[in-house]
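Thanks for coming, everyone. Please have the viewer open so you can follow along.

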Amino acid sequence: MSIFSGTGVALVTPFSDDDSIDFNGLKKLLDHVSQNGVDYLVVNGTTGESPTTSQEEKKQILDFVLKENKGKLPVVFGIGGNNTKEVLERIKNTNFEGISAILSVCPYYNKPSQEGIYQHYKKIAEASPVPVILYNVPGRTGINMTAETTIRLSNVKNVIGIKEANSDLKQAEEIANKSLKGFLLISGDDMTTASFGALGGVGVISVLANAYPAHFKRSIQYTSEGKHAEAEAVISKLGKINPLMYEEGNPVGIKEVLECKGICKSNVRLPLVKASQNLRERILQAINEVN
């Protein structure tokens, strides 16, 4: 079984009221997720507000997570972008000690062709000293990496899997059936965790696991036992709160939940702003229903 099977959590980056990184909040978050069943940590993903943290802050966050984690859980570090040369330069300048893999988002905004996406990832795989997990998230990037491209990339050395956030189950099924044996299909959409598991997926890289890691651990355990209805039932308990997480931008919603749970403040960096009063009230109601 891969070390990237099970629940990966896309960690948020807690901020203090003065907009600096709240390392006390980050410590609480790490304790919460590691004590409640996550299998690996994802640092510097988009949920961690990577677009608005500096390179120096990214390094500080990574160093802090590695120090607190003490090697207990695998750590995946987010390195991606829409400028291939810049991504390669960042790989070159990163200290990979303690990093088990990188998660690299599909190029966004400039909308390359499928051949361009393939060549982009091929260069990254060649440059990275650790395995590469692809990340397809059409809702954010404005472009879908097709199943055909993913299957083609599964044969590239050092590309070990995909975080697939396209909720099209036909695309996921095609990847599961036609990719190189051992290629990891990881759900990038919390609500498809159980569905992906039934298709052969190995788990999830989750936003909601910041607050509800035990739900994902239980669902994935059911899937491993062939109890797909039970796995789906656990995830469906999060069905009402999940859309609220994205209504005013991610990680606005999940940070609101974490503040309600006393783990960290809901501060986010501009251009994101804290949840509106209306959204906050609905999140509070949804939290009570989950509990």
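I will go through the pocket, the salt bridges and then a few backbone details.

One thing up front: this is a predicted model.

Let's start with the pocket. How much space lies in the largest pocket? About 570 Å³. The lining has 30 residues. Closest to the centre are Thr46, Glu49, Ser50, Pro51 and Tyr108. Click on those five and you will be looking at the right place.

Now the elements around the pocket. Four of them give two or more residues to the lining: helix H2 (55-69), helix H3 (84-92), strand E4 (101-105) and helix H5 (138-141). Which one gives the most? That is H3, with three residues. By residue class, the lining holds 13 polar, eleven nonpolar and six charged residues.

Next, salt bridges. The whole structure has 16 of them. I have picked three.

Begin with glutamate 49, since we just met Glu49 among the residues closest to the pocket centre. Glutamate 49 pairs with lysine 255, and the closest N and O atoms are 2.6 Å apart. Look at where the partners sit. Glutamate 49 is in the loop between strand E2 (40-43) and H2, while lysine 255 is in helix H11. That is a separation of 206 residues, so the pair links distant parts of the chain. Are these two buried or exposed? Both glutamate 49 and lysine 255 are buried.

Second bridge: arginine 269 with glutamate 57. Here the closest N and O atoms are 2.8 Å apart. Again, distant parts of the chain are linked. Arginine 269 lies in the loop between H11 and H12, glutamate 57 lies in helix H2, and 212 residues separate them. Arginine 269 has a relative accessible area of 9%, so it counts as buried. Glutamate 57 is at 16%, and it is buried too. The cut-off for buried is under 20%.

Third bridge: arginine 282 and glutamate 247, at 2.5 Å from N to O. Arginine 282 is in helix H12, and glutamate 247 is in the loop between H10 and H11. These two are 35 residues apart. Arginine 282 has 31% relative accessibility, so it is partly exposed. Glutamate 247, at 43%, is partly exposed as well.

One more point on bridges. Shared partners join Asp19, Glu57 and Arg269 into one network.

That brings us to the backbone. Most residues other than glycine have a negative phi, and most peptide bonds are trans. Here are some exceptions.

Aspartate 19, from that network, has a positive phi near 80°. You will find aspartate 19 in the loop between strand E1 (6-10) and helix H1 (23-35). Its relative accessibility is 37%, so aspartate 19 counts as partly exposed.

Lysine 111 also has a positive phi, about 50°. This lysine 111 is in the loop between E4 and helix H4 (114-127). At 55% relative accessibility, lysine 111 is exposed.

Finally, where are the cis peptide bonds I want to show? One runs from asparagine 250 to proline 251, with omega near 10°. Proline 251 is in the loop between helix H10 (228-236) and helix H11 (252-260). Another runs from leucine 270 to proline 271, with omega near 15°. Proline 271 is in the loop between H11 and helix H12 (277-290).

That's my tour. Over to you for questions.

Key: Residues numbered from 1 in each chain as written. Predicted model: local features only at pLDDT ≥ 70, side-chain atom pairs only at ≥ 80, totals over all residues. Heavy atoms only, no water. 1 Å grid on protein atoms, 1.4 Å probe; cavity = no way out; pocket = protein on both sides within 12 Å on 5 of 7 lines; lining within 4 Å. Points joined across faces, edges and corners; volume = space filled by probe spheres on them. Helix = DSSP H or I, 4+ residues; strand = E, 2+ residues; numbered from the N terminus. Nonpolar A, V, L, I, M, F, W, Y, C, P; charged D, E, K, R; others polar. Buried < 20%, exposed > 50% of the residue type's maximum accessible area, 1.4 Å probe, protein only. Salt bridge = Lys/Arg side-chain N within 4 Å of Asp/Glu carboxyl O.
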